[in-house]
Amino acid sequence: MYDRNNVFAKILRGEIPCKKIHENDYALAFEDLYPQRRIHILVIPKGEFSDLDDFNSKASNKEIAEFFRTITVVARKLEASSDFSGYRIISNIGENGGQEVPHLHFHLLGGEAVGKMLSPRKQKNI
Ligand code: AMP
């Protein structure tokens with residue numbers, strides 16, 4: 001079940017601030033508070049969806065289309081205002097996926113080489 005007290009729900013309600021990059025009826029994009037690359041933006045849907053699985057099973061086709069289009073709109077906006085050609089999109093889902101905030105979000109990371117997709121798997125001791 002969706003937790004209305006999560007930090008992104010509070011940002012959407014205007015209860016805590018964010019550094020807004022872009023907003024429309026379906027999505028909000030803002031700077032990550034703890035950037036992991038020179039540019040690190042989060043794009044979230046305005047509806048109450050805990051992760052991508054929840055979004056794809058409950059959102060309308062319009063919500064899905066507009067949300068995903070917004071990601072590209074945000075990338076174009078970043079490209080126009082800074083060095084943001086080539087970037088990585090990440091969406092973590094659930095505990096094994098490393099998700100901390102239970103409101104669907106896509107990380108846009110760039111402005112420099114972001115490196116390998118994952119760090120190498122730790123060697124198991126035999
Ligand atoms: P995840 O681990 O995929 O759930 O990512 C959650 C992200 O939210 C992390 O990169 C955090 O740095 C970021 N974050 C947490 N609180 C805030 C906040 N108040 N404003 C902006 N970003 C935040």
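Modeller: A salt bridge is counted here when a side-chain nitrogen of Lys or Arg lies within 4 Å of a carboxyl oxygen of Asp or Glu. The structure under discussion is a predicted model.

Colleague: How many salt bridges does this rule give?

Modeller: Side chains of opposite charge can pair when their charged atoms come close. In this model the count is 8 salt bridges. One of them joins the side chains of Glu48 and Arg4, with 2.7 Å from N to O. Because Glu48 belongs to the loop between strand 3 (39-45) and helix 2 (52-58), while Arg4 belongs to the segment before helix 1, this pair ties together parts that are 44 residues apart in sequence.

Colleague: Where does the ligand sit, and which residues come nearest to the ligand?

Modeller: The ligand takes up the space of the largest pocket. There are 16 residues around the ligand, and Asp32, Asn92, Glu100, His105 and His107 come nearest. By class, this shell has 8 nonpolar, 5 polar and 3 charged residues. Helix 1 (7-12) and strand 2 (27-31) each supply at least two shell residues, and helix 1 gives the most, with 3 residues.

Colleague: Which atoms of Asp32, His105 and Val101 lie close to oxygen atoms of the ligand?

Modeller: For a polar contact, one looks for N or O atoms within 3.5 Å of each other. In the side chain of Asp32, an N or O atom is 2.5 Å from a ligand oxygen. His105 places a polar side-chain atom 2.8 Å from an oxygen of the ligand, whereas Val101 uses a backbone N or O atom, at 2.9 Å from a ligand oxygen. On its own the ligand has 500 Å² of accessible area, of which the protein covers 88%.

Key:
Residues numbered from 1 in each chain as written. Predicted model: local features only at pLDDT ≥ 70, side-chain atom pairs only at ≥ 80, totals over all residues. Heavy atoms only, no water. Near = heavy atom within 4 Å. Polar contact = N/O pair within 3.5 Å; in protein donor to acceptor, adjacent residues only side chain to side chain. Areas by Shrake-Rupley, 256 points an atom, 1.4 Å probe, with all protein chains shown as cover. 1 Å grid on protein atoms, 1.4 Å probe; cavity = no way out; pocket = protein on both sides within 12 Å on 5 of 7 lines; lining within 4 Å. Sits in = over half its atoms within 2 Å of the grid points. Helix = DSSP H or I, 4+ residues; strand = E, 2+ residues; numbered from the N terminus. Nonpolar A, V, L, I, M, F, W, Y, C, P; charged D, E, K, R; others polar.
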